[in-house]
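Dear colleague,

Please find below the structure that I am handing over to you. My findings follow directly after it.

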Amino acid sequence: MDTDGTRETRPDRTGHIPRPAAPPKPSHAPTSGPTLGDWLRVPRSSDGPGVWTYGHVPRAAEEPEETPTRQLISGALIALLAGLLLWSLLWNGYLGSFWLWPLYMFTPDSWAGTLPSVVASYIWYAAVATLLIVGFGRLGRWPELLRRLLRSRAVRPLHTAAPTGPEAGSEDDPARWPELRGVGLGEVADRLEGEAGGGRMNDVDYTRIRRAWDSVRVDPSRMRAFADSVRDKGAGACVHPSGARDLPVRAARHDLLARQVLLGTVEDGARNPYPRRGTALALDPDVLGTSLLAVGPSGTGKTRHLVRPVVESLSLQALAGQAAVVAVGAAGAQLGPDASFDVVVRVGDPASVYDLDLYGGAGDPDEAATLLAEAFVGDIPGIDVRRAATALAQLLGPFRAAYERFPAVPELRELLDGLPTALDALRRDLAGQHAMLRELDARARQHGAPADPGPALADRVALLDRPAFAGFFDTTGQGRPFSLRALEHPIRVRVDLPERGHADASRMLARLLLAQFNAAAAARADRSLFAFLALDDASHTLTSQTVRGVQRLRSAHAGVLLTLRTLDDVPEELRTPLLGAVGCRMAFSGVTTWDGKRFAEAWGTEWVETRDVTHRTVFADQPLTRAIHAFRKLVTGKAVTTDAVTVRQVERERWSASDLAHAVPPGHAVLSLTSVRGERAAPLLVRLAGSA
């Protein structure tokens, strides 16, 4: 041991001095930012959909007209010279002595040549000089020029002074839980206040407990259980069923009190409305409830800048008991670590813990057949989806009546192929059930007919009847299938599709999940949770029925996020209905002019004021004027002209197809928003968070 208490490092046998052991790796990242109490006390205000409300201060509705700095300087110099000229004329007596009459009137003759007379004279001179400075200063706009020069040295303020929130420790301090104190739960409020002050409560805990208190206000019979839970567990009360109180990592900035995720900053340019320039832009369930369509080529950051932050925000809200989220993407897509989800379904991966319910938890054969038909043949031109649903129902109904379950993939394929052994076995097990036997006989008669959808259905089912999917889509109850009927619970789900090796099967499963989500979200008995589905790649997954279902989601307190590389991945007859079905549209940089044309049509036109300036050369008649014009042309190199300005109101596209294709910088996107209440935000050019 050394004298300072540290252990001495000795060389080994080779003479090498070993390096000291590294300190243990920290278990979490260092915290930064405001404390929970400071975060709660920040005022939040909004003046439109998509505004990041945390500390937001609304801007003026219209941009103030500013005189050019060059014009201000010239006006100030002219006023200064005019003021000096007038003072010189007064001082030297060229304008007479009238300006000295007040001095002569208020000073006695006995003061002549004395010190008081001199003092009074200089006071009067100073008063006259001050009057001239004030008059010519206002005429030359000197104060405005001074403010302009000083402002150029500092950061130009975009907003007025921010409003202040409640003071710490005051009665309306949200960190002191005044709602609980108001109903006599002072002990519970003290416990929560101590948890927050001691750093044992985070934003998820506060939001979760606040939501639990809101449910108590609706049903007062829960108050005792709520109070007991808070007394026993503190900030861990009313915890999520998974036991998690936060995500292992956050890739975006969130404000759970407003249920928002920061997406980027609105560019401070002429393309954006003045009230939104320079403001932060965020997404929340109020706008996501109208669904969002994002289009952009590969590499523009759709997953990194949009899908991942939105999924992360709704996962945090699920931990707070406010939402249920399902994220669907290709295997390897960066949608978040496994620990951020309650259920991770890796279709085609033998190590997957969870399976996927092919029938979406449906108990009615007709409902299950409708969903399967939409997923299997909804994208095939010329096939009637209703006939396909009928064909499936004629097999699913008898099979469920015989075995009290739906068929597995190999069994469904055999029935659709019309194998005699499979049909005969099903008939034997349906002995005595005449209604189901009639259904089965009707399917047998239609098999092989010219318009029979059975072969197309069998071909699509064959995509799932592959060795890679062996053990998946089990219906015998041996696995752990995930069903979208779980949307009534605050669940976090990620589904990884085998896009690389089984692209057609992945697209079909994506169509199935979208159809099941539309049906499950609308069929929920409890719609207090916001249900959301994020499809990282919706190429070749949209059908006419699913597009109509997306449009109906806003009334079911649900929404979807669809990303596409191009609108060409959607059938041509569905492109316009799709843009009309979603309330939020987002075009990333690099879209084609063909895609830009569709967005331009969806965003419509607006009335703008244009100014046409016509320059006309001035021809002088007088010799002196011609000489002055010749000298001016010699100095400036330009002929003397006059400007004729014409101001008109014209109707123009908000964003043209060419602008969307060529004027959107990398790392930016043009985004329009619509809230579930009908509020709209015009297309905004946004610099996405994390972009250089």
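Strand 6, residues 343-346, pairs with strand 9 in the parallel sense, and four bridges join the two. Within this pairing, V344 has R494 of strand 9 as its bridge partner. Please note that the model is a predicted one.

Strand 9 also has a second parallel partner: strand 5, which covers residues 323-330, pairs with strand 9 over six bridges. Here V328 is matched with V495 of strand 9 as its bridge partner.

How much of strand 9 is buried? The strand runs over residues 492-497, and six of its six residues are buried. The cover extends to both faces of the strand. On one side lie R492, R494 and D496, and on the other V493, V495 and L497, and all of them are buried. Two of the residues named above for their bridges therefore fall on opposite sides of strand 9, because R494 belongs to the side with R492 and D496, whereas V495 belongs to the side with V493 and L497; both count as buried, that is, under 20% relative accessible area.

A residue elsewhere in the chain may also interest you. S215 is part of helix 8, which spans residues 203-218. Is S215 buried, partly exposed or exposed? Its relative accessible area is 24%, so S215 counts as partly exposed; the class of buried residues ends at 20%. S215 and F226 are separated by eleven residues in sequence, and their C-alpha atoms are 9.8 Å apart in space.

I turn now to the protein as a whole. In total, 23 helices and 16 strands are present. The radius of gyration is 37 Å, whereas the globule rule gives 26 Å for 692 residues, so the protein is more spread out than a compact globule. Along the principal axes, the C-alpha atoms fill a box of roughly 135 × 90 × 75 Å.

Of the 692 residues, 42% count as buried. The protein exposes about 36,700 Å², and 55% of this area is supplied by carbon and sulfur atoms. As for contacts between residues at least 6 apart in sequence, 74% of them join residues at least 24 apart.

Finally, the charges: there are 80 positive and 79 negative side chains in the protein. The centres of these two sets lie 5 Å apart.

With kind regards

Conventions. Residues numbered from 1 in each chain as written. Predicted model: local features only at pLDDT ≥ 70, side-chain atom pairs only at ≥ 80, totals over all residues. Heavy atoms only, no water. Rg over C-alpha atoms; globule rule 2.2 N^0.38 Å. Buried < 20%, exposed > 50% of the residue type's maximum accessible area, 1.4 Å probe, protein only. Contact = heavy atoms within 4.5 Å. Areas by Shrake-Rupley, 256 points an atom, 1.4 Å probe, with all protein chains shown as cover. Lys, Arg positive; Asp, Glu negative; His and termini not counted. Charge placed at Lys NZ, Arg CZ, Asp CG, Glu CD. Pairing = 2+ DSSP bridges.
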